Amino acid sequence: MSLMNHQLSSSSTISSSSSTFLAPTDFNSRRKSIKVQVKKFGACKCVAAPHEEKIAFKTKVSRNANMAKLQAGYLFPEIARRRAAHLLKYPDAKVISLGIGDTTEPIPEVITSAMEKRANALSTLEGYSGYGAEQGEKPLRAAIASKFYSNLGIEEDDIFVSDGAKSDISRLQVAFGSNVTMAVQDPSYPAYVDSSVIMGQTGQFQKDVQKYGNIEYMRCTPENDFFPDLSKVSRTDVIFFCSPNNPTGSAASREQLTQLVQFAKKNGSILVYDSAYALYMSNDNPRSIFEIPGARQVAIEISSFSKYAGFTGVRLGWTVVPKELLFSDGFPVAKDFNRIVCTCFNGASNVAQSGALACLSPEGFKAMQEVIGFYKENTKIIVETFNSLGFKVYGGKNAPYVWVHFPGRSSWEVFSEVLEKTHVVTTPGSGFGPGGEGFVRVSAFGHRENILEACKRFKQLYK
Ligand SMILES: Cc1ncc(COP(=O)(O)O)c(C=O)c1O
């Protein structure tokens, strides 16, 4: 592919008035047309063109009414669609994606070589294996229990190995069923709300407040240190809580998590704690909810190797469901979750499980931490950039996400402005819930040169 790096000529300089998506109306003097490096790309097949198909036949099956409640696309495919549309408009643009939060750095060899060995063994009579235990291989369950939960009262058989945290969010929802009520941080990772809608736990989307009926949105803003005021939160059956948080990057303190566990206990709720970014923490806030006394009676924890070892494509995560966690009739939640896992899932890939086990070996763990350290360095560069431009910036210290405040502006408008003028894809904060309005999330997952280039373009745009 020929790479044609050139400065945009005046005719191709990105103008401040040509937003592809949502035309901004209140440009201020901070925003300028800037010149950016462009790179020639090959033909892009993934387009947002309307898909005109003649409907020749309709089944008699009515659409799942819960699916019909969902708003537009799931956030990240929507961003990918807008990125593709942008590439159609600017086929030469060197687009940098700091949007969906996908990892970019190679998986350390000590980990891939374990997967290679396992894959090769599958070609031999002695090394071949088919279906494994639905809950995961014993050595991996034991290694997860001892690496992440030693002295926390979590045992090997409390661990359910999965193909990633996202699938387990949905499998938990299936286990809870459609009659439970749920609470989420606002803003939060969209899979909690969307899976709840799909399960039929919610009412319709209310456009005026940008919320689904029957979900308790726990507002998390700079004013409350990104921790909900629990005295104003209504009781729900299930509480989804993510710390360090995607998208705000904030991590709850030991005191805050103690309050949360006590709140769940007082209300007889189940806390689903998402710790997918725990190893990104710089301070000594808890890495696991099970560090909090009493949590085993009220909490489930989901986690993943996706953002630790670059396993977003390999797919390997886990969920901890302690034996002590019981439904109101005394039935163990773990037994129902086990039933769901056995019914809906046939176990994680054996090759991926060998990779995960290698992640937990001393060399693998060290290599994984180096990858995390690399992304943390990226985070610092992004935080410093926005700080130097005078923005209020949150997150970044305990998670690979930087949460940038654009007071009084619409997140989608800022997203479009940044994409249009810098060719950098970010994520609009409002995509994570109404509490994210006015913010944009910048992901630190990227090659160093792309992070530096993106920051250079941010500086040109907002200086
Ligand atoms: C908070 C949170 N939970 C879960 C996931 C999904 O992780 P996995 O790749 O293991 O499905 C993500 C991915 O971005 C996430 O940000």
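Where is the place of N214? In this predicted model, N214 lies in the loop between strand 7 and strand 8 (215-219). The phi of N214 is near 70°, a positive value in a residue other than glycine. With a relative accessibility of 49%, N214 falls below the 50% limit for an exposed residue and therefore counts as partly exposed. A similar description applies to Q210, which is not a glycine but has a positive phi of about 60°. Q210 is located in the loop between strand 6 (205-206) and strand 7 (211-212), and its relative accessible area of 44% makes it partly exposed. As background, most residues other than glycine have a negative phi, and most peptide bonds are trans.

Cis peptide bonds were examined next. One cis bond joins S243 and P244, with omega at about -5°. P244 is placed in the loop between strand 9 (238-242) and helix 7 (254-267). The bond from N246 to P247 is also cis, with an omega near 20°, and P247 is again found in the loop between strand 9 and helix 7.

Helix 4 (residues 138-149) comprises twelve residues. The distance from its first C-alpha to its last is 16 Å, close to the 16 Å expected at 1.5 Å a residue. Its buried residues are L140, R141, A143, I144, A145, F148 and Y149. The elements that cover these buried residues include strand 4 (159-162), strand 11 (299-304) and strand 12 (317-320), together with helix 8 (306-309), helix 10 (350-359) and helix 11 (362-388). Just after helix 4, N151 adopts a positive phi of about 70°.

Helix 5 (residues 165-176) likewise has twelve residues and spans 16 Å between its first and last C-alpha atoms, close to the 16 Å expected at 1.5 Å a residue. A165, D168, I169, R171, L172, Q173, A175 and F176 are the buried residues of helix 5. Just after this helix, G177 takes a positive phi of about 85°.

Helix 5 packs with helix 9 (residues 333-344) at an angle of about 115°, and the two axes are 9 Å apart. The crossing of these helices is right-handed. On the side of helix 5, the contact is formed by D168, R171, L172, V174 and A175, which meet F337, I340 and C344 of helix 9. The residues of this contact divide into six nonpolar, no polar and two charged. Among the participants from helix 5, D168, R171, L172 and A175 are also listed as buried.

Strand 17 (residues 439-443) is mostly covered, with five of its five residues buried. In a regular strand the side chains alternate between the two faces of the sheet. Both faces of strand 17 are covered: F439, R441 and S443 are buried on one side, and V440 and V442 are buried on the other. Strand 17 pairs with strand 14 (residues 401-405) in the antiparallel sense over five bridges, and within this pairing V442 is the bridge partner of V402. Strand 17 also pairs in the antiparallel sense with strand 16 (residues 427-428), over two bridges. Here P428 stands opposite V440 of strand 17.

Conventions: Residues are numbered from 1 along each chain as its sequence is written. This is a predicted model: local features need pLDDT of at least 70, side-chain atom pairs count only at pLDDT 80 or more; totals for chains, interfaces and linings use all residues. Side-chain values use heavy atoms; hydrogens and water are left out. Axes are lines fitted to C-alpha atoms, for helices over the stretch in contact, and angles run from 0 to 180 degrees between N-to-C directions. Helices (H or I, at least four residues) and strands (E, at least two) are DSSP runs, numbered from the N terminus. A crossing is left-handed if the near helix is turned anticlockwise from the far one by less than a right angle, and right-handed if clockwise. Contact means heavy atoms within 4.5 Å. Ala, Val, Leu, Ile, Met, Phe, Trp, Tyr, Cys and Pro count as nonpolar, Asp, Glu, Lys and Arg as charged, and the others, Gly among them, as polar. Buried means under 20% relative accessible area, exposed over 50%, partly exposed in between (1.4 Å probe, protein chains only). Two strands pair if DSSP finds at least two bridges between them. The expected span of a helix is 1.5 Å times one less than its number of residues.
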